[in-house]
Amino acid sequence: MKKAYEDDVVGIPDLLKAHRLDLMAKYGAYSVPFADDELMDAFKDQVLCSQNFYAQPRLVVFIHDYGSLRAELDGVMHVDLNLERSYMLDATRKLVEWASSQEFSLIDINVFPHKLKQGTPEADLLKRLIIYLWDNYIEISEASDIVFIVSGSSCRLLAPLLTTRPVDKRVSAFVQIVGTLEPTRVPLTQPELRRWFIERSLVIIPESHPTRFTGKWVKNCGVVETT
């Protein structure tokens, strides 16, 4: 029976990609191309940006792994797939509509890859993706006020960007929606960068988060809010 329906099965990542493409088309967005063949194979149509990307002074960078239920629901015992799909679609829709209403430019980065080249660690590929997008798109934009909104396991990708690129020159805020995971924090070995990051960091966690965010945790993360 499974074989008979295989050609008709559409995965959650494909459904979400189709939704995002339709939504972004409504607001005049386009898919970001890659000169790197491996990144192109893994993230084709996974990175979208608004038409005003190079023209607006404020840029919203939305990084997520929507489509990876394993990452989104880590530690959750019971899953309602329809509910989770609706949540992911609604989150994207609201963010795109909000950015458009404010006339902000937007780059939407889904770091859930289509496929991985054999022998390539996923963590290394994701680091290359974020650095590539910063060097080839974000840094050469006209934006002087950049806001990162990062969701789920994608939060860990802030670390290589913070420690290898001069983000402190133009980034004004980091919003991490971590779910049951932990947020990115700057190492104690870089006190000036750590202090700068904490002053611009907002972490949003559910009340059921397994870590108790008090004392030093709060100091290391910036502002922490529960939902």
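**Entry 1: a loop residue, S141**

I began with S141, which lies in the loop between α6 (122–138) and β5. Since this is a predicted model, I treat every value in these notes as computed. I asked myself whether S141 is buried or exposed. With a relative accessible area of 7%, S141 is buried, because the cut-off for that word is under 20%. I then listed what S141 touches, leaving out residues up to four places away in sequence, and found F53, Y54, L59 and R170.

**Entry 2: R170, one of those contacts**

I followed the contact to R170, which is found in the loop between α7 (158–164) and β6. Which residues does R170 touch, once those up to four places away in sequence are set aside? I noted I138, E139, S141, E142, A143, S144, D145 and I146.

Next I looked for a charged partner, and here I had to be careful with two separate entries for E139. R170 is buried yet has no salt bridge, and the nearest side chain of opposite charge, that of E139, is 5.5 Å away. A salt bridge would need the charged atoms within 4 Å. The backbone of E139 gives another picture, for its oxygen lies 2.6 Å from a polar atom of the side chain of R170.

**Entry 3: the chain as a whole**

I stepped back to the whole chain, in which I counted 9 helices and 8 strands. Buried residues make up 46% of the 227 residues. Of the contacts with a separation of 6 or more, 74% are between residues 24 or more positions apart.

**Entry 4: the order of the sheet**

In what order do the strands of the sheet stand? I traced an open sheet of 8 strands in the order β1-β2-β4-β3-β5-β6-β7-β8, with mixed pairing. At the edges I found β1 (29–31) and β8 (223–226), each with a single partner strand, so one side of each is left without a neighbour in the sheet. Neighbouring strands are turned by 15° against each other on average, when direction is ignored.

I also looked for a helix that packs on the sheet and noted α8 (residues 191–199), which touches β6 (171–177) and β7 (201–205). The direction of α8 makes about 70° with that of β6.

**Entry 5: from the edge strand inward**

I reminded myself that strands of a sheet pair through backbone hydrogen bonds, either parallel or antiparallel. Starting from β1, I found 3 bridges to β2 (residues 47–50), and these two strands run antiparallel. In this pairing A29 stands opposite S50, and Y30 stands opposite C49.

On its other pairing, β2 is joined to β4 by 3 bridges, again antiparallel, and here the bridge partner of L48 is D108. In a regular strand the side chains alternate between the two faces of the sheet. I therefore checked both faces of β2, and both are covered: V47 and C49 on one side and L48 and S50 on the other are all buried.

**Entry 6: strand β3**

How many residues of β3 (residues 58–64) are buried? I counted 6 of its 7 residues, so the strand is mostly covered.

I then looked at the two pairings of β3. Strand β4 (residues 105–110) pairs with β3 in the parallel sense over 6 bridges, with V61 standing opposite I107. Strand β5 (residues 145–151) is joined to β3 by 6 bridges, and these two also run parallel; in this pairing I63 stands opposite V150.

**Entry 7: two unusual phi angles**

Most residues other than glycine have a negative phi, and I wanted to look up residues that depart from this. I noted D45, which has a positive phi of about 65° although it is not a glycine, and E103, whose phi is also positive, near 60°.

Where do these two residues sit? D45 is in the loop between α3 (37–43) and β2, while E103 is in the loop between α5 (81–101) and β4. Their accessibility sets them apart in my notes. D45 is buried, with a relative accessible area of 18%, whereas E103, at 55% relative accessibility, counts as exposed. The reason is the cut-offs, because buried means under 20% and exposed means over 50%.

Notes. Residues are numbered from 1 along each chain as its sequence is written. This is a predicted model: local features need pLDDT of at least 70, side-chain atom pairs count only at pLDDT 80 or more; totals for chains, interfaces and linings use all residues. Side-chain values use heavy atoms; hydrogens and water are left out. Two strands pair if DSSP finds at least two bridges between them. Helices (H or I, at least four residues) and strands (E, at least two) are DSSP runs, numbered from the N terminus. Axes are lines fitted to C-alpha atoms, for helices over the stretch in contact, and angles run from 0 to 180 degrees between N-to-C directions. Contact means heavy atoms within 4.5 Å. Buried means under 20% relative accessible area, exposed over 50%, partly exposed in between (1.4 Å probe, protein chains only). Lys and Arg count as positive and Asp and Glu as negative; His and the chain ends are not counted. A polar contact is a pair of N or O atoms within 3.5 Å; within protein, one must be able to donate a hydrogen and the other to accept it, and residues adjacent in sequence count only if both atoms are side-chain atoms.
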